[in-house]
Amino acid sequence: MEEEKKVDYELDSSIEVDVHAEDEKANEKYTGENIQVLEGLEAVRKRPGMYIGTTASAGLHHLVWEIVDNSIDEALAGYCTKIIVRINKGNTITVIDNGRGIPVDIVAKSGLSGVETVFTILHAGGKFGEAGGYKVSGGLHGVGASVVNALSEWLEVEVHKEGGIYKMRFGRGGKPENHLEKVGTCQDAGTTVTFKPDATIFQETTTFDYDIICDHLKQMAYLNKGIEIVVEDDREDTKKVETYCYKGGIIEYVQHINANKGPIMEEVIYCEGRGVYENTGNHITCEVAMQYNESYNPTLFSFCNNIHTHEGGTHEEGFRAAVGRVFRDYAIDHKYIKEGEDNLETSDILEGLTCIVSVKHPNPQYEGQTKTKLGNSEVRKIVSQIVGEHLKRFILENPKVAEVMMGKIMMAAKARKAARKAREEVRRNTGLELTTLPGKLADCSSKDPSICELYIVEGNSAGGSAKNGRDRNTQAILPLRGKILNVEKATIDKAFANAEIGNMITAIGAGVDPEFNVEKIRYHKIVIMTDADVDGSHIRILLLTFFYRYMKELIEGGYVYIAQPPLYKVDYHSKAYYAYNDNQLELIKKKLQLKPGFPFQRYKGLGEMDAEQLWETTMDPKQRKMLRVTMSDAIEADKVFTDLMGDEVLPRKEFIHKNAKFVKNLDI
């Protein structure tokens with residue numbers, strides 16, 4: 001194992017470990033002077049993917065996030081305490097907040113009201129420069145409101161501000177139907193935005209998913225303690241309502257994630273503090289909550305200004321440096337490690353630790369366009385010092401809890417050493433390096449990963465058909481013998497000792513976490529091909545659990561696929577017709593005008609197909625159907641894998657009850 005880089009940071013008096021919300025409140029004066037114009041909306045409609053990623057379901061819901069983010073920014077500024085998100089009949093969305101209200105006076109540079117400016121001009125908003133109306137903001141480019149407007153069939157804004165009610169409506173593509181006008185008086189403040197997504201842009205779907213919206217806004221409520229977020233769905237006769245408000249913030253978030261993982265301690269360690277950002281007088285604030293559980297997997301999620309930085313960044317680096325420093329020092333001082341022994345590695349300390357790292361930064365810098373990795377170097381030192389001080393104080397003041405945590409860490413170190421020993425045993429006993437490909441693998445001749453595919457096939461029978469029917473230049477076959485180990489319940493040394501898992505690791509060729517290197521994978525398509533029955537589904541989830549826990553970048557990079565073999569075969573006039581679901585079968589029957597009772601074959605296993613059939617139905621790139629495995633929400637994915645594959649039975653029962661109505665073609 002490559003020697004771990006150890007980083008330490010000295011005490012900096014500019015970093016405070018206590019934060020008062022009032023200190024972070026933005027200037028109450030929020031007028032047209034705060035709005036700065038950086039250039040239309042036709043470009044958004046021509047290339048919507050540049051602004052919202054996709055025009056599929058994820059992009060549709062991204063419109064909601066953009067408007068909600070503006071309300072959340074009001075909460076970060078210290079003025080908004082409640083947000084209502086309503087799905088109306090006809091799949092329109094209404095977002096209501098009780099913040100300061102969008103400025104209604106004229107913006108000098110645009111000559112338009114603040115409302116019309118932010119909804120019609122890209123890169124216009126109160127989030128740029130020292131004159132901005134916000135100290136921190138999730139919106140980096142200030143394009144959210146105008147992009148939603150551009151991609152809507154219509155959009156309406158109502159602002160309550162300084163005793164007046166103001167309204168404005170925009171038509172398709174964000175074209176103003178009128179200028180902002182005062183329509184009444186009020187005593188409150190806030191903004192209401194209602195919009196209808198444009199079906200000519202979102203051609204796949206314009207139907208909002210209540211569960212997706214609830215999951216996202218629940219996360220926002222955890223990350224912004226005390227703010228009340230209400231989700232309403234008025235589309236059915238019976239109205240659905242969910243209310244999220246967490247006084248404990250990310251402490252409760254950690255408890256939620258750990259609920260079915262068996263926490264080994266009651267306490268959630270909470271660290272909070274701030275450091276001065278350059279010479280601006282503004283602060284970078286940091287919140288961290290962590291708790292150990294019985295699992296063998298680290299669960300670390302980081303955020304900057306409420307944006308999930310799933311690729312990590314400097315805030316995660318600072319956290320890792322701090323926990324490594326504190327626990328290594330504690331292990332030496334309290335004789336957990338004897339003189340001359342190897343010290344703890346960060347992977348030992350993180351095993352079974354659930355942690356949320358959340359920072360708020362007035363000027364975040366992200367690597368790439370997707371805001372997935374924080375790059376600000378000053379954050380590393382601030383997070384490291386804040387976490388280091390709080391964590392050190394906690395373990396010194398709570399020796400019994402520290403003993404429990406150190407027991408978990410030392411067990412992880414022991415398992416790591418056992419895994420290393422297992423690797424060495426393989427080399428000694430076989431005389432082979434771990435890079436030697438497994439004998440069961442029928443590899444492809446091409447060495448270009450971008451065109452190579454690895455089929456992980458259930459059973460030797462199907463494996464034999466796949467080997468004979470494949471394209472030998474680009475398609476490799478690795479048969480599985482039975483079910484692999486459930487890694488959710490196993491230490492890394494036991495996982496490594498499992499023959500089927502060892503074969504996959506060596507075939508893929510990129511190692512496993514924490515050493516996994518996605519750039520070394522030998523195939524850019526890793527295809528899970530199992531039977532369409534209960535056992536096949538179980539093997540599929542076991543494989544996905546393994547990839548998620550030990551090779552997560554495979555899923556994040558879109559390299560994992562699920563083969564879709566046909567369910568039915570109809571032989572008619574010496575020609576075979578294949579159907580992948582019941583609807584397709586009925587269409588075939590109708591097209592061929594088959595009489596009731598005409599025989600057809602229902603495939604129960606891949607082994608029932610010969611090599612030619614398997615090729616033309618499931619493996620031929622010109623005809624096959626495959627599902628790409630994606631991960632839109634890593635936190636929910638982590639919880640699902642824990643619920644389905646962990647020790648607790650009740651979460652599995654609840655999952656079955658909730659999803660049973662969606663099951664088709666169940667073959668027991």
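With a relative accessibility of 73%, Glu-519 counts as exposed in this predicted model. The residue sits in the loop that runs between α14 (499–508) and β19 (525–529). Glu-519 also has company of like charge: together with Glu-311, Glu-367, Glu-553 and Glu-556, Glu-519 forms a patch of negative charge on the surface.

A helpful contrast is offered by Asn-149, which belongs to helix α5 (residues 144–150). The relative accessible area of Asn-149 is 0%, so this residue is buried, the cut-off for that label being under 20%. What surrounds Asn-149, once neighbours within four places in sequence are left aside? The contacts are Leu-41, Phe-119, Thr-120, Leu-155, Phe-170, Gly-173 and Gly-174.

Turning to charge pairs, side chains of opposite charge can pair when their charged atoms come close. The structure holds 24 salt bridges, and three of these pairs are described here in turn.

Arg-416 and Asp-348 are joined through their side chains by a salt bridge, with an N to O distance of 2.7 Å. Because Arg-416 lies in helix α11 (residues 399–430) and Asp-348 in helix α9 (residues 346–350), this pair ties together parts that are 68 residues apart in sequence. Both partners are sheltered from the surface: Arg-416 counts as buried at 9% relative accessibility, and Asp-348 is buried with a relative accessible area of 2%.

Another salt bridge links the side chains of Arg-320 and Glu-316, at 3.6 Å from N to O. These residues are 4 apart in helix α8 (residues 314–333), which means that about one helical turn separates them. Their exposure can be set side by side: Arg-320, at 35% relative accessibility, counts as partly exposed, whereas Glu-316, at 11%, counts as buried.

A further pair within a helix is formed by Lys-589 and Glu-586, whose side chains meet in a salt bridge of 3.7 Å, again N to O. Both residues belong to helix α17 (residues 582–591) and stand 3 residues apart, about one turn of the helix. Lys-589 is partly exposed at 24% relative accessibility, and Glu-586 is likewise partly exposed, with a relative accessible area of 47%.

Salt bridges can also be followed beyond single pairs. Which residues are linked in a network of salt bridges? Such a network takes in Arg-45, Glu-153, Arg-172, Lys-196 and Asp-198.

Technical notes:
Residues are numbered from 1 along each chain as its sequence is written. This is a predicted model: local features need pLDDT of at least 70, side-chain atom pairs count only at pLDDT 80 or more; totals for chains, interfaces and linings use all residues. Side-chain values use heavy atoms; hydrogens and water are left out. Patches are made of residues with over 30% relative accessible area and no salt bridge: like charges are joined within 9 Å, nonpolar side chains (Val, Leu, Ile, Met, Phe, Trp, Tyr) within 5 Å. Accessible areas come from the Shrake-Rupley method with a 1.4 Å probe; for residues, only the protein chains shown count as cover. A salt bridge is a side-chain nitrogen of Lys or Arg within 4 Å of a carboxyl oxygen of Asp or Glu. Lys and Arg count as positive and Asp and Glu as negative; His and the chain ends are not counted. The place of a charge is taken as NZ of Lys, CZ of Arg, CG of Asp or CD of Glu. Helices (H or I, at least four residues) and strands (E, at least two) are DSSP runs, numbered from the N terminus. Buried means under 20% relative accessible area, exposed over 50%, partly exposed in between (1.4 Å probe, protein chains only). Contact means heavy atoms within 4.5 Å.
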